[in-house]
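Let's take a quick tour of a protein model, one spot at a time. Keep the 3D view open and click along as you read.

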Amino acid sequence: VKLTRIVWERKNLKLLDVKRTGEMTYDEEKIKKCINEIIKALQNMSKNDTGAIIVLSNTKIPDNVINSGVKLNANISSAVIESCFFPKTPLHDGAMIIQNDKILAAGCFLPLSQESDLPKELGTRHRAGIGVTEMINVTSIIVSEETGIISIAQGGKLTRYADSEMLRKVLKDFYWQDLIGNK
């Protein structure tokens with residue numbers, strides 16, 4: 001998406017996008033709702049030991065990753081996120097791609113990290129969550145199916161035991177710094 005103009009207003013940020021439909025508006029309330037819905041879903045999945053990988057991206061994801069899953073283009077809600085990762089559903093083993101304020105796709109296959117020094121208790125889900133951040137400038141949030149531990153991968157590095165405060169910071173950075181370029 002090529003941005004030609006950024007205008008900051010007290011409550012709204014307007015981005016002029018020449019390639020798509022013209023002017024898109026991101027208001028604080030909508031972004032807060034997205035953040036709250038993602039955190040709610042992650043916490044619920046953590047409590048229930050439901051495995052998940054959510055990739056946050058404001059850059060172009062390679063077509064082969066998107067096409068490996070099911071395109072959704074859905075609004076962000078905890079119900080949609082949790083239903084995609086519900087065990088025994090077709091999409092539960094793949095990754096969900098969140099781009100801007102939409103769930104772009106789910107059930108996507110990600111490249112695995114080739115790092116050999118990863119702890120043995122980290123399985124394929126963690127290797128995929130780390131691997132995609134080694135290849136693309138994205139953030140992955142991983143919920144362990146075995147322990148319910150939430151981890152965050154950025155730049156090929158994994159931070160484990162993410163709490164709601166850490167998640168909120170990562171999501172605010174994603175929406176306000178990555179999406180907009182500055183606060």
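## A valine in a helix

Start with Val-80, which you'll find in helix α3. Keep in mind that you're looking at a predicted model. Is Val-80 buried or exposed, or something in between? Its relative accessibility is 26%, so Val-80 counts as partly exposed, because the partly exposed class sits between the 20% and 50% cut-offs.

Now look at the company it keeps. Leaving aside residues up to four places away in sequence, Val-80 touches Asn-75, Met-96 and Ile-103. You can also check how the chain folds back on itself: Val-80 and Glu-37 are 43 residues apart in sequence, and their C-alpha atoms are 9.7 Å apart in space.

## Two residues with a positive phi

Here's a bit of background: most residues other than glycine have a negative phi. With that in mind, go to Asp-49, which isn't a glycine and yet has a positive phi of about 50°. Asp-49 lies in the loop between α1 (28-47) and β4 (52-57). With a relative accessible area of 33%, Asp-49 is partly exposed.

Lys-88 is another one to click on. Its phi is near 75°, again a positive value in a residue other than glycine. Where does Lys-88 sit? Look in the loop between α3 (78-85) and β6 (95-99). Lys-88 has a relative accessibility of 80%, so it counts as exposed, given that exposed means over 50%.

## An aromatic pair

How many aromatic pairs turn up when the whole structure is searched? Just one. The partners are Phe-174 and Tyr-175, arranged edge-to-face, with 4.6 Å from centre to centre and 70° between the planes. That angle earns the edge-to-face label because the cut-off is over 60 degrees.

Both partners can be checked for burial too. Phe-174 has a relative accessible area of 3%, so it is buried. Tyr-175 is buried as well, at 1%.

## The second largest pocket

Finally, some empty space. Rolling a probe the size of a water molecule over the atoms shows where such space is left. The second largest pocket holds about 260 Å³ of it.

What lines this pocket? There are 16 lining residues, and those nearest the centre are Ile-53, Asp-93, Thr-124, Arg-125 and Ala-128. Helix α4 (residues 124-135) gives the most to the lining, with four residues. Sorted by class, the lining has seven nonpolar, five polar and four charged residues.

Note on methods:
Residues numbered from 1 in each chain as written. Predicted model: local features only at pLDDT ≥ 70, side-chain atom pairs only at ≥ 80, totals over all residues. Heavy atoms only, no water. 1 Å grid on protein atoms, 1.4 Å probe; cavity = no way out; pocket = protein on both sides within 12 Å on 5 of 7 lines; lining within 4 Å. Points joined across faces, edges and corners; volume = space filled by probe spheres on them. Nonpolar A, V, L, I, M, F, W, Y, C, P; charged D, E, K, R; others polar. Buried < 20%, exposed > 50% of the residue type's maximum accessible area, 1.4 Å probe, protein only. Contact = heavy atoms within 4.5 Å. Phe/Tyr/Trp six-rings, centres within 6.5 Å; stacked < 30°, edge-to-face > 60°.
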